[in-house]
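Here is a short round of questions for you to try with the model open. Take a look first, then compare your reasoning with the answers.

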Amino acid sequence: MVFGTQSVLETLRSGKEIERLFLQRELGFSEIEKLAKETGVPFQRVPIEKLNRITRKNHQGAIAFVSPIQYMPLHNVLTQVYEDGKTPLLLLLDRITDVRNFGAIARTAECAGVQALIVPTKGGAQINADAMKTSSGALNFLPVCREPNLYETLLYLRNSGLQIVACTEKTEKSVYDIDFSIPTVIIMGSEEDGISKEFIHLADSGAKIPLIGQVESLNVSVASSIVLYEAVRQRIK
């Protein structure tokens, strides 16, 4: 954590990856905001009470959390996958906010050979010490791509030859009926309300996990494991 106007500004100038940036609502931070926008760092205007809950030290209205990982450009990752002669298998997380769910998903994704984990710039879980611990170190090896507009990202992936598979119960097609042997990006949705409607409409196919018991849904990290290892099963077969 970095706090104080000058410290935050110098951290931005250094090029370090910043996970979150909070600025006091009532104060002006034109230089910090300008630099954050130029570098794609997500920032949020918050009341002073929120900043004081984070630290009681002299934060001067500005607090930044430096990311423990280096985000990767999606274009570079995908280009490298194709150059290596591999079949892309990417995982896109739509508003997964629970840090432990995120870490568990990252761990499974790395074990399953996923080449990139795609997350939104805003509205996703913070990659912090808890996420790193829950991932059992997987986030040190799995490329994570932070994208400002997931809809445009999906369009880019479709134009790059990937099928889009939305994992949702709002479909009749089973996950076991999907061909995962071809270039694929899998979407997993929010713990609260699943995948955004516009992403479901954009998808080439929906896929649901058959549920036989009385409970109507699975934890998103468990569901991710089932879907990813169906893809693994098909690819090693």
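Q: Is Leu-78 buried or exposed?
A: In this predicted model, Leu-78 belongs to helix H4 (residues 74-83). Its relative accessibility is 3%. Buried means under 20%, so Leu-78 counts as buried.

Q: Which residues is Leu-78 in contact with, leaving aside its neighbours within four places in sequence?
A: Contact here calls for heavy atoms within 4.5 Å. With those sequence neighbours set aside, the partners of Leu-78 are Pro-88, Leu-90, Tyr-156, Leu-157, Ser-160 and Leu-162.

Q: How do the planes of Phe-22 and Phe-65 meet in their aromatic pair: stacked, tilted or edge-to-face?
A: A search of the whole structure turns up 1 aromatic pair. Phe-22 and Phe-65 make that pair, at 6.2 Å centre to centre and with 85 degrees between the planes. Planes over 60 degrees apart fall in one class, so the pair of Phe-22 and Phe-65 is edge-to-face.

Q: How many residues apart in sequence are the parts that this pair ties together?
A: Both Phe-22 and Phe-65 are buried. Phe-22 lies in strand S2 (residues 18-24) and Phe-65 in strand S4 (residues 62-66), so the parts tied together are apart in sequence by 43 residues.

Q: Which residue has its charged end over the ring of Phe-22?
A: The charged end in question is 5.1 Å from the ring centre of Phe-22. It belongs to Lys-50.

Q: Is H5 roughly parallel or roughly antiparallel to H9?
A: Helix H5 (residues 99-111) and helix H9 (residues 220-236) pack with their axes 9 Å apart, at an angle of about 10 degrees. That makes the two helices roughly parallel.

Note on methods. Residues numbered from 1 in each chain as written. Predicted model: local features only at pLDDT ≥ 70, side-chain atom pairs only at ≥ 80, totals over all residues. Heavy atoms only, no water. Axes fitted to C-alpha atoms, helices over the stretch in contact; angles between N-to-C directions. Helix = DSSP H or I, 4+ residues; strand = E, 2+ residues; numbered from the N terminus. Parallel < 35°, antiparallel > 145°, perpendicular 65-115°, else oblique. Phe/Tyr/Trp six-rings, centres within 6.5 Å; stacked < 30°, edge-to-face > 60°. Buried < 20%, exposed > 50% of the residue type's maximum accessible area, 1.4 Å probe, protein only. Lys NZ or Arg CZ within 6 Å of the ring centre and 35° of its normal.
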